Amino acid sequence: MTAMNPRVETGSVSRIESCVICGGTASEPLFAVPRVPIHPFCPPAGLGLEPGFGSLDIVACSGCGHIYNAGFDPDRVDDLYAATVLTNTPVSDSMIRGLEATADYILAHAPENPAVADVGGGTGVLAMTMARRAREVHLVEPSRVLRPEDFASRGVTLHQSMFPAPSLGERMFDVIVSRQVVEHIPDPLGFLGSIRSRLESGGIAYIECPSAEYIEATRSIVDFHYPHVHYYRRPALETLLARAGFRVIEVIDVKDGHDRGFLLSAAAESLGTPAPSRHSTGLAAGLAERVGLGRQRLGALDGTIALYGANAYSQALLGLYPESARYGVMLDDTPMYEGQCAYGPGIYIPIRRPSREAFAGLAAVVITSYLHDGAIGHKVRDFGFKGPVLTVRAGARAGPEDWPPSLFACA
Ligand SMILES: [Zn+2]
């Protein structure tokens, strides 16, 4: 094992100075944004967290090509976890159906009547869905927004802590699920090892995270945002999984290849797994071109615009283009966001639920919840909005027929 603690102190701000896959310290710059919001919106009052800023310094390891944010400050992890949970609230039937399908998939491969842990399971919707068919379900989630009493009646025990929570004692599990977590963690091998150590023999784990290959193929610059430390290609994550003592049963595409799920069983630890090697020819130039196209298109929108979707992609956009547009309102369907504020460098934007009044006076709408841009595009038109509607989706689906055109497409 070559990758040890990646944290290096440089004055008051920590950075990540070595590759977690191969241990190399040399890297090549891919994409940089000097000042980005660290949260998708101002943390709710009461959490005592600042709407702070960090930097994106996305690099590719010179040794193995692994992509990560060298500018990530590992000392901020606790603050980020305390506030991020709000952003994965399901707000549509299709999102809830998606979670039910995920529960079906995992439980179909699990032992009968299992003991389940959902690590970093956010608002707990997947945990509650699995609780109907499990002996016990434990949601381990450090967010300070959640309340245990909201879960007890749904068959889920909440542990408000990082994994493994002290309140779990020595408990072992037949199923451990962790979705959209490992990419946030500076030291992934320690995290994966802790999951492995709590897995019963004969048990399964399911780890889901974004695909770096998706970003490479689509050159989606808004997929680079502060809460994500690592951008895993499939072979890189498989290397870490093998080192942590997992065997891959199956790998599935999630959200049309945006994310990837790894179904795993316990195997003998294999410390000798060599780092894969792959490099991204032309990626830095392709990303820079996208930044320029987005700036041009935003700058051409004359008047006040709305962003639709208070999430990591709007967070990325406000860091990229603080001065390229006049941002009037952030629209979002999540009821608990009403009255909150999104932010960027020198920018505060009120979050409102969409309504006819909310669209009044707007020159354009940019859909930042791009994984749902087709449905949102129709919804915006149903509210009677007649101006331009764009999406931050960079992939091939943006543009055809009545799909909103991409902010990053050539005009
Ligand atoms: Zn490397």
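Here is a walk through this structure, from the overall build down to a few individual residues.

Keep in mind that you are looking at a predicted model. Let's start with the whole protein chain, which has eleven helices and 19 strands. Its C-alpha atoms fill a box of roughly 60 × 50 × 45 Å along the principal axes. A compact globule of 411 residues would have a radius of gyration near 22 Å, and this chain comes in at 21 Å, so the two agree. Buried residues account for 58% of the 411. If you take contacts between residues at least 6 apart in sequence, 65% of them join residues at least 24 apart.

Now find the zinc ion. Four cysteine sulfurs hold the metal: the SG atoms of C19, C22, C61 and C64 coordinate it at 2.3 Å. Along the chain, these donors follow the spacing C-x2-C-x38-C-x2-C. The pair C22 and C61 links distant parts of the chain, 39 residues apart: C22 is in the loop between β2 (13-16) and β3 (27-37), while C61 belongs to strand β4 (residues 53-61). What about the geometry? The four donor atoms subtend angles of 96 to 117° around the zinc ion, which makes the arrangement tetrahedral. For comparison, the ideal angle for four tetrahedral donors is 109.5 degrees. As for C61, its relative accessible area is just 1%, so it counts as buried, the cut-off being under 20%.

Next, move on to an open sheet of seven strands. Reading across, the order is β8-β7-β6-β9-β10-β13-β12, and the pairing is mixed. At the edges sit β8 (156-159) and β12 (246-254), each of which pairs on one side only. Neighbouring strands here are turned by 15° against each other on average, direction ignored.

Both edges are worth a look. On the β8 side, strand β7 (residues 136-140) runs parallel to β8, and four bridges join them. One residue to pick out is H138, whose bridge partner in β8 is T157. Follow the chain beyond β8 and you reach the loop between β8 and β9 (173-179), where P164 lies. The peptide bond from F163 to P164 is cis, with omega near -5°.

On the other edge, β12 pairs with strand β13 (residues 259-266) in the antiparallel sense, over eight bridges. Here V251 stands opposite F262 in β13. The two strands form a hairpin with four residues between them. In that turn you'll find K255, with a positive phi near 50° even though it is a residue other than glycine. K255 has a relative accessible area of 44%, so it is partly exposed.

Another residue with a positive phi is R219, at about 55°, and it is not a glycine either. You'll find R219 in the loop between α6 (212-218) and β11 (230-231). With a relative accessible area of 28%, R219 is partly exposed.

Finally, look at helix α7 (residues 234-244). Is this helix mostly covered or mostly open? Mostly covered: eight of its eleven residues are buried, among them A236, L237 and R243. Their cover includes α5 (188-197) and β10 (199-210), along with the hairpin strands β12 and β13. Just after α7 comes G245, which takes a positive phi of about 100°.

Technical notes
Residues numbered from 1 in each chain as written. Predicted model: local features only at pLDDT ≥ 70, side-chain atom pairs only at ≥ 80, totals over all residues. Heavy atoms only, no water. Pairing = 2+ DSSP bridges. Axes fitted to C-alpha atoms, helices over the stretch in contact; angles between N-to-C directions. Donors = N, O, S within 2.8 Å, 3.2 Å for Na, K, Ca; no water. Tetrahedral: all angles 85-135°; square planar, octahedral: opposite > 155°, others 65-115°. Buried < 20%, exposed > 50% of the residue type's maximum accessible area, 1.4 Å probe, protein only. Contact = heavy atoms within 4.5 Å. Rg over C-alpha atoms; globule rule 2.2 N^0.38 Å.
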